[in-house]
Amino acid sequence: MNTSSSSIETIAQRLDTAWRTHTPIPPITESDSITDVGTAYAIQTHWTNMRLERGEKIVGRKIGLTSKAIQQQLGVGEPDYGTLWQSSFYPAKNSKVAIPARDFLQPRIEGEVAFLIGKSLRQSGITPEQVLDATEACAMGIEIVASRIADWRIKLVDTIADNASYGGFTLGAWDTQMKDTALGALVMTIHHNGELAAEGLGAAALGHPAASTAWLANKLLEFGVSLEPGDIVISGGITKMLPVKAGDEFRFTLTGQPDLTVTFS
């Protein structure tokens, strides 16, 4: 990493301003010639610390770039991760949730499998089996993906620095039995304004959602962070991302789970 701490701080502040003002910025790979993944995570960490100092609360982590097609598109060989914030969690009620579209910059939506961690994951070389053993429950996860980078002109470093292009999330009901099912074989569909718009299998997340969560647990340990009881992990998109605009309705189905309808006001 050859970028100064002042540059890392400045870029983190620019991303924070873009997030708060809903004004996108040019890709940092272009404007600042940042190409190093370590620097990108340092920017993300600095932004995270800024938000913690303002009193925001971390509720878990998101995993991005779990699809082989997306990895090939960005020329990378592993996923990335970001932070889930309490301030951008939208609880569902009676299998429905209404979310203000204005809360996000350039939003898209995708479906995932969520994990509720019940036991600490601090050992090295964490396996998918250890993830499942440490999981208290699973749920349908829905992420609103958003980008502070203008026109989604992102490369790997851009999205990592930008908190892995996280916008917000909602969840179906937690199910303690779901972790014992064949998570890789789960089928998810998304109906957009009544029309089937996307479908995918749990295996789309690195072959198995527990495998992507194991990747996250091991990656976090490289930064001295561990998954702890109560942490929520949304384990990576198993459907394609769909663009979002005010007035849209998305109905999500997942094998064995109640449907969840998300509307954008």
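# Exercises on a predicted model, starting from helix α7

Helix α7 is mostly covered, with 10 of its 14 residues buried (buried means under 20% relative accessible area, exposed over 50%, partly exposed in between, with a 1.4 Å probe and protein chains only). The model is predicted, so local features need pLDDT of at least 70 and side-chain atom pairs pLDDT 80 or more, while totals for chains, interfaces and linings use all residues. Residues are numbered from 1 along each chain as its sequence is written, and side-chain values use heavy atoms, without hydrogens or water.

## Exercise 1: helix α7

Find the span of α7, its buried residues and its cover.

Step 1. Place the helix. α7 covers residues 209-222. Helices (H or I, at least four residues) and strands (E, at least two) are DSSP runs, numbered from the N terminus.

Step 2. Check the span. From first C-alpha to last, α7 reaches 21 Å, close to the 20 Å expected at 1.5 Å a residue. The expected span is 1.5 Å times one less than the number of residues.

Step 3. List the buried set. It consists of Pro209, Ala210, Ser212, Thr213, Ala214, Trp215, Leu216, Ala217, Lys219 and Leu220.

Step 4. Name the cover. It includes the helices α3 (37-53) and α5 (128-134). It also includes the strands β1 (58-64), β2 (80-85), β4 (108-117) and β9 (232-234).

Step 5. Look past the end. Just after α7, Gly224 has a positive phi of about 75 degrees.

## Exercise 2: helix α3

Repeat the analysis for α3.

Step 1. Check the span. α3 has 17 residues and reaches 24 Å, close to the expected 24 Å.

Step 2. List the buried residues. They are Thr39, Ala40, Tyr41, Ile43, Gln44, Trp47, Thr48, Met50 and Arg51.

Step 3. Find their partners. The buried residues of α3 pack against helices α1 (5-21), α2 (28-31), α6 and α7, and against strands β1 and β2. Contact here means heavy atoms within 4.5 Å.

## Exercise 3: positive phi outside glycine

Locate Gln106 and Leu206, and give the phi and exposure of each.

Step 1. Recall the background. Most residues other than glycine have a negative phi.

Step 2. Take Gln106. Its phi is near 55 degrees, a positive value. Gln106 sits in the loop between β3 (96-99) and β4. Its relative accessible area is 23%, so Gln106 is partly exposed.

Step 3. Take Leu206. Its phi is positive, about 55 degrees. Leu206 sits in the loop between β8 (195-201) and α7. Its relative accessible area is 27%, so Leu206 is partly exposed.

## Exercise 4: three residues and their contacts

Characterise Asp158, Ile238 and Glu249.

Step 1. Asp158 belongs to helix α6 (residues 156-161). Its relative accessible area is 0%, so Asp158 is buried. Beyond four places in sequence, Asp158 contacts Pro27, Ile28, Thr29, Ile149 and Arg153. Ile34 is 124 residues away along the chain, with 8.4 Å between the C-alpha atoms.

Step 2. Ile238 lies in the loop between β9 and β10 (242-243). Its relative accessibility is 4%, so Ile238 counts as buried. Not counting residues up to four places away, its contacts include Gly111, Glu112, Val113, Met188 and Leu254. Gln86 is 152 residues away in sequence, and the C-alpha to C-alpha distance is 23 Å.

Step 3. Glu249 lies in strand β11 (residues 249-254). Its relative accessibility is 36%, so Glu249 counts as partly exposed. Leaving aside neighbours within four places, Glu249 contacts His191, His192, Asn193, Thr261, Val262 and Thr263. The C-alpha atoms of Glu249 and Ile43 are 34 Å apart, with their positions 206 residues apart along the chain.

## Exercise 5: the whole protein

Test the fold against the globule rule, then summarise its surface and charge.

Step 1. Count the elements. The protein has 7 helices and 12 strands.

Step 2. Apply the rule. The radius of gyration is taken over C-alpha atoms, and the rule is 2.2 Å times the number of residues to the power 0.38. For 265 residues a compact globule would come near 18 Å, so the protein's 17 Å agrees. The C-alpha trace spans about 50 × 45 × 35 Å along its principal axes.

Step 3. Check burial and contact range. Buried residues make up 54% of the 265. Of contacts between residues at least 6 apart in sequence, 75% join residues at least 24 apart.

Step 4. Read the surface. About 11,200 Å² is exposed, and carbon and sulfur atoms supply 51% of it. Areas come from the Shrake-Rupley method with a 1.4 Å probe; for residues, only the protein chains shown count as cover.

Step 5. Count charges. There are 22 positive and 29 negative side chains, and the centres of the two sets lie 3 Å apart. Lys and Arg count as positive, Asp and Glu as negative; His and the chain ends are not counted. Each charge is placed at NZ of Lys, CZ of Arg, CG of Asp or CD of Glu.
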